[in-house]
Amino acid sequence: MRILYVEDSSSLRETIGRGLKNAGYIVTLAADGISGLDAALEAEHDVIIIDVMLPGMDGFEMLGELKKAEVDSQILMLTARASIEDRVHGLESGADDYLVKPFAWKELLARVRNLIRHRYGQQSSSLSIGDLKIDTQAQRIWYKNKELRMRPREFSILEYLALRVGKIVSRTELTEHLYDHAVDLKSNAIDSAICNIRKKLTLEGCDEIISTIPRRGYLMESRTSKS
Amino acid sequence: MSRPHTSIQSRLVISLTTAIIALFGISTVGLYFFMRNAFYEQADKNLIRVAEDFMHETARTPDGGLECEFHELNIGEFQKGNYEGQAYYELRDHQGKPLIQSASLTGGEDLPHHPVAVGTFKTEALMLNGEIPGRVIYTSFLLKLEERVHEKREETSTPATLTPTEKAFADSYDENDPQNRVYLAIAEAPTELLRTLIILDSTLLVTGIILAITTFLLVRKIVLSTFRPLIEIAQITEQMGPDNLNTPLPEEQVPLELLPLITRFNQFIKRLDEAISRERRFSIDLAHEIRSPVAEIRSLMEVAADSVGNAHAEDPFNTYQRGAEISKRMSKIIEVITVIHQDNTEAIQFVSESSSIESILEHSIEALDSPTQTRIQFEKNEPKFKNIETDSDLLRAVIDNLLMNAAAHSPAHSKILISSQANGFTIKNTTTDLKESDLSLLTKAFWQKDSARTEADCFGLGLTLVTVYLRLLRGRIDHSLKDGELTTKVLLPSKHNTDDSSLES
């Protein structure tokens, strides 16, 4: 999942950026409103976190520009301005959520995950594809009530495919959402991760849940277990 | 126990109405009594005339009898049940014994006997027959001898028509003898007068009621129209609250007497509104300044804790170092806010001592980082600085803040000019984004040209602090902007206890 974080405080930007990366997200950082807007328009992000008081262009202005450009990312306003007027203004301007500083890291993370679920039309943090269950909040996976161990990247791919269940997801889409720009699109990182996921699933008896569609991408489908 | 609130309007209506009605009432009662007295006086005069006629027509006959030509007096006999123009009369001898009286009178008790002096008249009110109010006149006179006897006695020494007894009586008759004194009482029922007085009573009563109602309505209308602007102002004031102080009271139709009050009130409300807005802004800015570092330090610690064991986790040393930097910045903010607050409570200790502005300026310049020092151009004007009586620590804080401010808000390699005066100094630096309208905001707490706080060490309190310190030093600071150059001029009194007039340069 790709997240854009626009924050003028270098310390906070660095800390939150690191935390989000550690949580498995692809994070783009921007220090002011103008560069933040450029980054938001340049690439698709699942969630954009915007500080309100930004140099150059403030958060509300940036939000207005994003809405004007019909950017469909989920937007979280993150600011020290706690007044009811500011919150109402932010939410009425099109923000999907509003979080006041100082905040708990876990709360920010939970809100980001919640926004991602909303983006993909999920009401619950738990995804069920047949006997496969994914808890996006706790980042845990079960197959027939047996927990499977996945690496953060593998979890992200499985979660993304689960969110897009029944739809073909191209390698490019997966790369854009789950990998940093630094990753070479021609590398076999995606194929390798998919291969690992399939192996772990097959070991537990859950095979053929992820299909490869030649020259198009991957498809996750809900299938009943043979056993 | 507090008294209940009363309405000035109601009190004024009641007071004015009462006062006017009282005035009219007193005047009316006065007029009534004046008229009544005039009527009675007229009635009494009539009675006196009747009495005089009575006296003129009454005489002693030569045979010792009494002659009264009543028919010539036109005094009607008083009849019970018919009082119209009727009268009593009663004549008593010198002993008070009735001689003649109206036929309707029954005895000596009908009209009281008042032995008044000869030729004097006394009038009083009386209930005639115990039924009807009337007037009575009392007088006394000396009975003359009958006219015809009198005339004959003077013409001839021996009147032929008189008997010897009569002649002897006539000759011996002394008109001044007290024995010939008689007392007259005539009473009359002044029905016409009484009717007039009743009409007067009724007219005055009805007029009084109409006058009272009209007065009340008129006074109420006048008071209402007079108080209307005040009531409107009260209604508008009633709607006022902390959230709508920006609506002033209307000054257009306010009475002249209230205008200064309303004008002052509006000025007060405007200042209050500005103060509330400033306070609100200050609180928001303060919250922002405190919340941001708190958010930074909290996130730093929580992310670090969450990343334990993660390959991409931050080096703990870096985390501690960053945490320490954030904490230091927070301390600085709190320290500055505390100082600003202390100014309000006048708790800052001021130590007056002989101080050299020149040396304080030099120390401040030395404390700057090398790149900034190279930008400083210090002109030490003649005559050389003299020492002044001031607090050198506070002055140092003022200069430090101003120099740091000049360095932070001017282009990287531009010059910062410092020049001296006998009792102050001037700092000039180029500025690219400051406007004339920004000058009044420079010293406001948390104000920064860019609302976002991009510089970690700048939080818009430096110049506020300078203002606070200079107020304590009884100094003055002026900012001016010309051709992109900001001039900051600081003037200080040569002695701390001198007033502001010493700051005139």
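How many bridges join strand S1 of chain B to S8(B), and in which sense do the two strands run? Strand S1, residues 58–60 of chain B, is joined to S8(B) by 2 bridges, and the strands run parallel. This report describes a predicted model, starting with that sheet.

## A three-stranded sheet in chain B

Strand S1 belongs to an open sheet of 3 strands in chain B, ordered S2-S1-S8, with mixed pairing. At the edges are strand S2 (66–68) and strand S8 (144–145) of chain B, each of which pairs on one side only. Within the pairing of S1 and S8, Arg60(B) stands opposite Leu145(B).

## Strands S6, S7 and S9 of chain B

Strand S7 covers residues 132–142 of chain B and is mostly covered, since 9 of its 11 residues are buried. Strand S6 (residues 121–128) of chain B is joined to S7(B) by 8 bridges, and these two run antiparallel. S7(B) also pairs with strand S9 (residues 181–188) of chain B, again over 8 bridges and in the antiparallel sense.

Arg135(B) appears in both pairings. Its bridge partner is Ala125(B) in the pairing of S6 with S7, and Glu188(B) in the pairing with S9(B). The side chain of Arg135(B) also meets that of Asp44(B) in a salt bridge, at 2.9 Å from N to O. Arg135(B) lies in strand S7 and Asp44(B) in helix H1 (residues 8–56) of chain B, so this pair ties together parts that are 91 residues apart in sequence. Both residues are buried.

## A buried threonine in chain B

Thr426(B) is part of strand S14, residues 424–430 of chain B. Is Thr426(B) buried or exposed? Its relative accessibility is 7%, and the limit for a buried residue is under 20%, so Thr426(B) counts as buried. Leaving aside residues up to four places away in sequence, Thr426(B) touches Leu417(B), Ile418(B), Ser419(B), Gln421(B), Thr487(B), Thr488(B) and Lys489(B).

## Chain A and its strand S5

Chain A contains 8 helices and 12 strands. Of its 227 residues, 52% are buried. Among contacts in chain A between residues at least 6 apart in sequence, 58% join residues at least 24 apart.

Strand S5 (residues 97–100) of chain A is covered on both faces. Asp97(A) and Leu99(A) are on one side and Tyr98(A) and Val100(A) on the other, and all of them are buried. Strand S4 (residues 74–79) of chain A runs parallel to S5(A) and is joined to it by 4 bridges. In this pairing, Leu78(A) has Leu99(A) as its bridge partner.

## Salt bridges in chain A

Over all chains, the count comes to 21 salt bridges. One of them joins Asp51(A) and Lys101(A), whose closest N and O atoms are 3.5 Å apart. Asp51(A) is in strand S3 (residues 47–51) of chain A, while Lys101(A) is in the loop between S5 and helix H5 (105–119) of chain A, so the pair ties together parts 50 residues apart in sequence. Asp51(A) counts as buried at 1% relative accessibility, and Lys101(A) counts as buried at 2%.

Asp97(A) forms a salt bridge with Arg111(A), and here the closest N and O atoms are 2.8 Å apart. The pair links strand S5 of chain A, which holds Asp97(A), to helix H5 of chain A, which holds Arg111(A), with their positions 14 residues apart in the chain. Asp97(A) is buried, with a relative accessible area of 12%, whereas Arg111(A) is partly exposed at 24%. Elsewhere, Glu44(A), Asp46(A), Asp72(A) and Arg119(A) are linked in a network of salt bridges.

## Where the two chains meet

In chain B, 26 residues are in contact with 25 residues of chain A. The area buried between the chains is about 2,200 Å², and carbon and sulfur atoms give 55% of it. Arg291(B), Val303(B) and Arg322(B) supply 23% of the area that chain B buries against chain A, more than any other three residues.

Between chain B and chain A there are 2 salt bridges, as well as 8 residue pairs in polar contact. Arg322(B) forms a salt bridge with Glu14(A), with the closest N and O atoms 3.6 Å apart. Helix H6 (259–306) and helix H7 (316–345) of chain B each supply at least two residues of the side that touches chain A. H6(B) gives the most to that side, with 14 residues. By class, the side of chain B that touches chain A has 8 nonpolar, 8 polar and 10 charged residues.

Note on methods: Residues numbered from 1 in each chain as written. Chains lettered and ligands numbered in written order. Predicted model: local features only at pLDDT ≥ 70, side-chain atom pairs only at ≥ 80, totals over all residues. Heavy atoms only, no water. Pairing = 2+ DSSP bridges. Contact = heavy atoms within 4.5 Å. Buried area = accessible area lost by both parts, 1.4 Å probe. Salt bridge = Lys/Arg side-chain N within 4 Å of Asp/Glu carboxyl O. Polar contact = N/O pair within 3.5 Å; in protein donor to acceptor, adjacent residues only side chain to side chain. Nonpolar A, V, L, I, M, F, W, Y, C, P; charged D, E, K, R; others polar. Buried < 20%, exposed > 50% of the residue type's maximum accessible area, 1.4 Å probe, protein only.
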